[in-house]
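These are my notebook entries from a session with one structure. I wrote down what I looked up, in the order in which I looked.

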Amino acid sequence: MKKTNYILGIESSCDDTAAAVLKDNVVLSNCIANQKIHQSYGGVVPELASRAHQSNIVPVVQQALSIANIDKKQLSAIAYTRGPGLLGSLLVGSTFAKSLAMSLDIPLIEVNHMQAHLLCHFIRNEDRPPPEFPFLGVTLSGGHTQLVLVKSHFDMREIGRTRDDAIGEAFDKCGKVMGLNYPAGPEIDRLAKKGKSDAFEFPIPKVEGLEVSFSGLKTAFINLVHKNKNINSNFIEENLNDLCASIQKTFVTVIVNKIILAKEKYNLNRVVIGGGVAANSEIRKVLGGKVIQDKWEVFLPPFQYTTDNAAMIGIVGYQKLLSQQWGTMNQTVSARLSL
Ligand code: KG4
Ligand code: ZN
């Protein structure tokens, strides 16, 4: 009879401390401790993030085990995020994972956070089987914006990227200038639903090939807000919904144009999206339209697996366990780990 594997996933690459337990490819628990402390600073403060991880990690892991209703002695392996991310944050998760794996005498598995954002689609989903290979992977997060040619679980090649800001970062910075809390992406999405997306026009950046750029757009947005605020101090309040709808529409157009280009260049019809910005309703709507009109095959993660979570780390752990790709105790974390 096939052995059942219980995998503990640990994620601590940025400001969320997360732990999940998987029974093979099925998620039994998926717990996250968000760090509210960064809101008042308008962005993540690395030193505060690593301190908060230290206080959160034990309770979050305990909660994940308790919801999964298993004892730590039943665990088969521990998967943790090795990078990319904030060094101090990564160190907390990796040190905890290594210590626990050593004390339980079970294998350790290291996971690349950006691979995990795409491989979350391999978590068992009653509604849909996982994507077949090859596919165009698109990671849209606060730290990364990448187009990836994915030929198998661990054969991933970056074919395009942002040359400056990540799309989530651009959302957050535009939100900050409008006085929205960090992270502003979800709030812009919510306000945009009540606004007109053609109220303000922003130039689509002219960037060759599969590179993308968001910083020029972000600056154009910030300049527009400052200029109009000088003329009318209530400009933001009076136009908030329209500003959100217009900039969101432009960001989505930029990335969808590049997805179209990459699909054509690599002759792929299957598009798999991952990362926090995959929760955005405009990108979901536009890609949904491509499925109906142009017969694209599009995979969007369930909401709980869009922003940072440990279930996605656990599923990569499961895939690596099947192919016996074990980590080692002397592997160091890497802030800039590439795919
Ligand atoms: O993947 P993620 O949780 O963390 C990183 O690995 O960076 O992504 C976080 C990013 C933030 O910039 C946040 O504003 C953005 O995802 N985000 C959204 C939405 N939900 C989260 N951006 C636009 N619309 C959303 N609904
Ligand atoms: Zn992420």
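The entries below go from the domains to the cores, then to a metal site and a helix.

**Entry 1, domains.** I noted before anything else that this is a predicted model. I then looked up the domain assignment, which gives domain 1 as 6–121 + 306–322 and domain 2 as 132–301. The C-alpha centres of domain 1 and domain 2 are 27 Å apart, and the contact takes 19 residues from domain 1 and 25 residues from domain 2. For the area buried between domain 1 and domain 2 I found about 1,800 Å², with 73% of it given by carbon and sulfur atoms. Of the area that domain 1 buries against domain 2, Leu118, His121 and Thr306 supply 36%, which is more than any other three residues.

**Entry 2, cores.** I looked next for the largest nonpolar core and found that it has 48 residues, with Leu136, Val138, Met178, Phe221, Phe251 and Ile259 having the most contacts inside it. Among the elements that give two or more residues to this core are β6 (135–140), α6 (215–231) and α7 (235–266), and α7 gives the most, with 14 residues. I also listed the partners of phenylalanine 221, which, leaving aside neighbours within four places in sequence, is in contact with Cys174, Val177, Met178, Phe202, Leu243 and Ile247. A second, separate core has 29 residues, including Leu118, Phe122, Tyr305 and Met312.

**Entry 3, zinc.** Which atoms coordinate the zinc ion (ligand 2)? I found His113 (NE2), His117 (NE2) and Asp308 (OD), at 2.0 to 2.1 Å, and along the chain these donors follow the spacing H-x3-H-x190-D. Histidine 113 and histidine 117 both lie in helix α3, where they are four residues apart, about one turn of the helix. I reminded myself that an α-helix has 3.6 residues a turn, so residues three or four places apart point the same way. Are histidine 113 and histidine 117 buried or exposed? Histidine 113 counts as buried because its relative accessibility is 5%, under the 20% cut-off, and histidine 117 is buried as well, at 0%.

**Entry 4, helix α9.** I looked last at α9 (residues 311–322), whose 12 residues reach 17 Å from the first C-alpha to the last, close to the expected 16 Å. This helix is mostly covered, with 11 of its 12 residues buried, among them Met312, Tyr318 and Lys320. The buried residues of α9 pack against several elements, including β1 (6–11), β5 (108–112) and α3 (113–119). Just after α9, I noted that glutamine 324 takes a positive phi of about 55 degrees.

Definitions and conventions: Residues are numbered from 1 along each chain as its sequence is written. Chains are lettered from A and ligands numbered from 1 in the order in which they are written. This is a predicted model: local features need pLDDT of at least 70, side-chain atom pairs count only at pLDDT 80 or more; totals for chains, interfaces and linings use all residues. Side-chain values use heavy atoms; hydrogens and water are left out. The expected span of a helix is 1.5 Å times one less than its number of residues. Buried means under 20% relative accessible area, exposed over 50%, partly exposed in between (1.4 Å probe, protein chains only). Contact means heavy atoms within 4.5 Å. Donors are N, O and S atoms within 2.8 Å of the metal (3.2 Å for Na, K and Ca); water is not among the atoms, so sites may look incomplete. A nonpolar core is a set of buried Ala, Val, Leu, Ile, Met, Phe, Trp, Tyr and Cys residues joined through side-chain atoms within 4.5 Å. Domain bounds come from an automatic or database domain assignment. Buried area is the accessible area (1.4 Å probe) that two parts lose on being put together, summed over both.
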